[in-house]
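Please open the model in your viewer and keep the selection tool at hand. We will go from one part to the next, pausing at each to see what is there.

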Amino acid sequence: MPPNIVTPEESNMSSDNNNGNNNNNVEEGDIITKTSVVSSLPSENQSRHFQHPDQPVEDLQHPEEDDKKEHETQERWERQQGGQLAWRSTILILSLHLLSAAGCWVLLIGGLCRATIVWTILWGIGGGLGVTAGAHRLWAHRSYSARRPLRILLMILFTVAGENDIYEWTRDHRLHHRHSETDADPHNARRGFFFAHCGWLMVRKHPEVMRQGAKTDLSDLLRDPVVRFQRKYYLRLVALFTFAIPTLVPVLVWGESLLYAFLVAGCFKYTCTLHCTWLVNSAAHMWGMHPYEEGINPAENHFVAFAALGEGWHNYHHVFPWDYRAAELPGYVGNLTTGFIDFFSTLGWAYNFKTASPDLVARRAVRTGDGSWNTPKERRRSAAKELLLAGTRGTNQAAEKVRESCVFKGLRKKAEELRN
Ligand SMILES: [Zn+2]
Ligand SMILES: [Zn+2]
C-alpha cells in the first residue's frame, strides 16, 4: 500500500513550520518555513536601525554607541563561554573517540569474526534509522504518524544511537529549524564547522538557546507514553541498547572476544553513528547546491545523504520540513529512511504522511532556488508559466524571477514586456 499522500493544504502542519507569513514572495497555497522567513528578515543587528513609528528620534541618534554596547556584551559573553566547557560531555566524547580508535585498530588488524562486522553494520544502520525515521521525521517534525508498536521500535532504535533522550533531541531540533543560523540555533553553523559538528555539545549553551528552548512547545511529546518512558529510564536503556546488547550478542552467540566486541560493536559503531548525524548539522549546512531556496545555508549534500540515510537533502528539508521524505527524490536510493517508513506503511503501522506536491515544489524551486533544480524541462516550464501568470496579476517580482532565470527564451521575453 502506498503511503497516504496529503497536500500541504490538507495536512495539519506542526507548529514549528507554518507560521511565517510576512514574506512578500509567498504565493497562495505555498508554505514556507520559519528558516526561510528568518533568512529574509533583518537580523537583530539590522533591525535595531529601523525606526519604529513610535520610537523617539533621539533613540536613533547614536548607533555607534549601541554597536559598542552590543559588542561589549557579546565579548563578555564569549569570555565567559571560553571558560565554560561542558566538562562531562567533553570527557565522554573524548573517551569515546579514544576507545573507537582502538576499535578501528582492531578492525584494521583483522582480528574480528566476520559475523561481528556484519552485526556492527546492521546495528549501526538500525541506530541511524532510529534517529532519522524516529526522533527526526516522526517526533521532531510530525511528518507522519506511527502506531504504538512502531513508536516503541523507533524508541529502541533511537536509544541504540545514544543521542540523548527523544524529548531533548526534539527540543534542540525544533529550535534549530525555527532559529537556523542564529544564536538561538543550538548548533549554529555560522560559528564554524567544528562548533556545528560536535563543538556545541562541549560548551555551555548560548543564553539565547536557553531562552528560546524554554518557549518551545513540546506538549505533544509529553503526551506520548513512549517518549516519557524513554526519558525516565534513559541511562539504563542506553547501557542496555547502546553497549550491552551490541557487545554481548557477538560474545555469547558466535564467541567473539569481549574486548573486541565492546570496542567495535559498542564504541566504534556508536562514534560512527554520531558523526553521521553531526554531518547533517555541519557539512550539509555548508557545502552543496540550493535548488529550492538560495537564501539559506542548508544545502543538498550527496555525501551526507548517503552517510545519514537520506538526511543530506537539507535544502529541501529546511524548505519543506514537514515532508516525511525529507527529499524530492523518487525511490529510495539515497534515502533509506523513506524506504523504511514506507515499509511500515504497508503494515499499517505508519500513516498520515505529509508530502509537498510536485507543483508546490516546482513553483518554489523556480521562484527562490539557485537554478540548480534538476528536473524535466516540462515541469520547469510549467512552473515558470505559472509564475508569469502571477506576474500578469500584478506580482512583478515573480515576472522578474522568470526574466532573471534566463531558462526559457519565449517566457523571458514576455516577462520583459510585462516589466516595461
Ligand atoms: Zn539543518
Ligand atoms: Zn529537521
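Start by selecting residues 258-281, which form helix 13 in this predicted model. At 1.5 Å a residue, the 24 residues of this helix should span 34 Å, and because its end C-alpha atoms are indeed 34 Å apart, the expected and computed spans agree. Now look along helix 13 until you reach F268, where the helix bends by about 25°. If you then show what surrounds helix 13, you will find it mostly covered, with 20 of its 24 residues buried.

Next, select helix 5, residues 114-140, together with helix 7, residues 166-178, whose axes come within 10 Å and cross at roughly 65°. The crossing in which helix 5 passes helix 7 is right-handed. To see how the two helices meet, show the side chains of A135, H136, W139 and A140 on helix 5, and those of I166, W169, T170, H173 and R174 on helix 7, since these residues make the contact. Sorted by class, the contact of helix 5 with helix 7 has five nonpolar residues, three polar ones and one charged one.

Keep helix 5 in view and add helix 16, residues 336-346, in which the buried residues are L336, T337, T338, F340, I341, F344 and S345. What do the buried residues of helix 16 pack against? Their partners are helix 5, helix 6 (148-161) and strand 3 (350-351), so that you may add these last two elements to the selection.

Finally, step just past the end of helix 16 and select G348, a residue that takes a positive phi of about 80°.

Key. Residues are numbered from 1 along each chain as its sequence is written. Chains are lettered from A and ligands numbered from 1 in the order in which they are written. This is a predicted model: local features need pLDDT of at least 70, side-chain atom pairs count only at pLDDT 80 or more; totals for chains, interfaces and linings use all residues. Helices (H or I, at least four residues) and strands (E, at least two) are DSSP runs, numbered from the N terminus. The expected span of a helix is 1.5 Å times one less than its number of residues. The bend at a residue is the angle between axes fitted to the seven residues ending there and the seven starting there. A residue is buried if 20 or more other C-beta atoms lie within 10 Å of its own, exposed if 12 or fewer, and partly exposed in between; C-beta atoms are placed from the backbone. Axes are lines fitted to C-alpha atoms, for helices over the stretch in contact, and angles run from 0 to 180 degrees between N-to-C directions. A crossing is left-handed if the near helix is turned anticlockwise from the far one by less than a right angle, and right-handed if clockwise. Two residues are in contact if their C-beta atoms, placed from the backbone, lie within 7 Å. Ala, Val, Leu, Ile, Met, Phe, Trp, Tyr, Cys and Pro count as nonpolar, Asp, Glu, Lys and Arg as charged, and the others, Gly among them, as polar.
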